[in-house]
Amino acid sequence: MKRAAIALSLVVASCTPAYALTVTSGFVSRHEGSEVYNEANPGIGFRIDDGAWAGWVAGTYKNSMWKQSVYVGKQFTYRVAPHLSVGAAAGLVTGYRFAVV
């Protein structure tokens, strides 16, 4: 994971001349009724703003199947209050043996 994070950092840093860059962390997931899943998902990611309400996202994390995942996508947000935004994202992710919905 360390190599993937360093490589991703270098690629993102070289591609962001005038755009705002946000670093994101991993997350926590919850799987009701099952104890076989990883619920601590450490990782690192980046968001490069692409206008006022959109951005490109990319990163890596340890997924719920205990595999390393890499993702890339487009994120859209809309600010509804000074410290509150809603949004949606579409993208691709690796590291799963079957489709997870």
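**A five-stranded antiparallel sheet and its surroundings**

In the loop between β1 and β2 lies N38, a residue of a model that is predicted. With a relative accessibility of 5%, N38 counts as buried, because the limit for burial is set at under 20% relative accessible area. When its neighbours within four places in sequence are left aside, the residues in contact with N38 are S29, H31, K62, N63, S64 and W66. Another loop position, A52, is placed between β2 (40-49) and β3 (54-62); in contrast to the buried N38, A52 is exposed, at a relative accessible area of 66%. Between A52 and F76 the separation in sequence is 24 residues, while their C-alpha atoms are 9.4 Å apart in space.

The protein chain as a whole contains 1 helix and 5 strands, and, read from the N terminus, its elements follow the order α-β-β-β-β-β. Of the 101 residues in the protein chain, 25% are buried. The area exposed by the protein chain is about 7,300 Å², of which 64% is supplied by carbon and sulfur atoms. Among the contacts in the protein chain with a separation of 6 or more, 38% are accounted for by residues 24 or more positions apart.

The 5 strands are arranged as an open sheet, in the order β1-β2-β3-β4-β5, with antiparallel pairing. The edges of this sheet are formed by β1 (21-28) and β5, each of which pairs on one side only. From one strand to the next, the twist averages 25°. In general, the strands of a sheet pair through backbone hydrogen bonds, and the pairing may be either parallel or antiparallel.

At one end of the strand order, β4 is joined to β5 by a hairpin that passes through 2 residues, and the antiparallel pairing of β4 and β5 extends over 10 bridges. Within this pairing, R79 stands opposite S85 in β5, and K74 has A90 of β5 as its bridge partner. As an edge strand, β5 pairs on one side only; the number of buried residues among its 10 is 0, so β5 lies largely in the open.

The β4 and β5 strands also contribute to a nonpolar patch on the surface, which is formed by W53, Y78, V80, L84 and V86 and has about 510 Å² of accessible area together. The elements giving two or more residues to this nonpolar patch are β4 (68-81) and β5 (84-93). One of the patch residues is V80, which lies in strand β4 and is partly exposed, with a relative accessible area of 45%. The intermediate label applies to V80 because 45% falls between the cut-offs of 20% for buried and 50% for exposed residues. The value for V80 also fits its inclusion in the patch, because patches are made of residues with over 30% relative accessible area.

How values were computed: Residues are numbered from 1 along each chain as its sequence is written. This is a predicted model: local features need pLDDT of at least 70, side-chain atom pairs count only at pLDDT 80 or more; totals for chains, interfaces and linings use all residues. Side-chain values use heavy atoms; hydrogens and water are left out. Patches are made of residues with over 30% relative accessible area and no salt bridge: like charges are joined within 9 Å, nonpolar side chains (Val, Leu, Ile, Met, Phe, Trp, Tyr) within 5 Å. Accessible areas come from the Shrake-Rupley method with a 1.4 Å probe; for residues, only the protein chains shown count as cover. A salt bridge is a side-chain nitrogen of Lys or Arg within 4 Å of a carboxyl oxygen of Asp or Glu. Helices (H or I, at least four residues) and strands (E, at least two) are DSSP runs, numbered from the N terminus. Buried means under 20% relative accessible area, exposed over 50%, partly exposed in between (1.4 Å probe, protein chains only). Two strands pair if DSSP finds at least two bridges between them. Axes are lines fitted to C-alpha atoms, for helices over the stretch in contact, and angles run from 0 to 180 degrees between N-to-C directions. Contact means heavy atoms within 4.5 Å.
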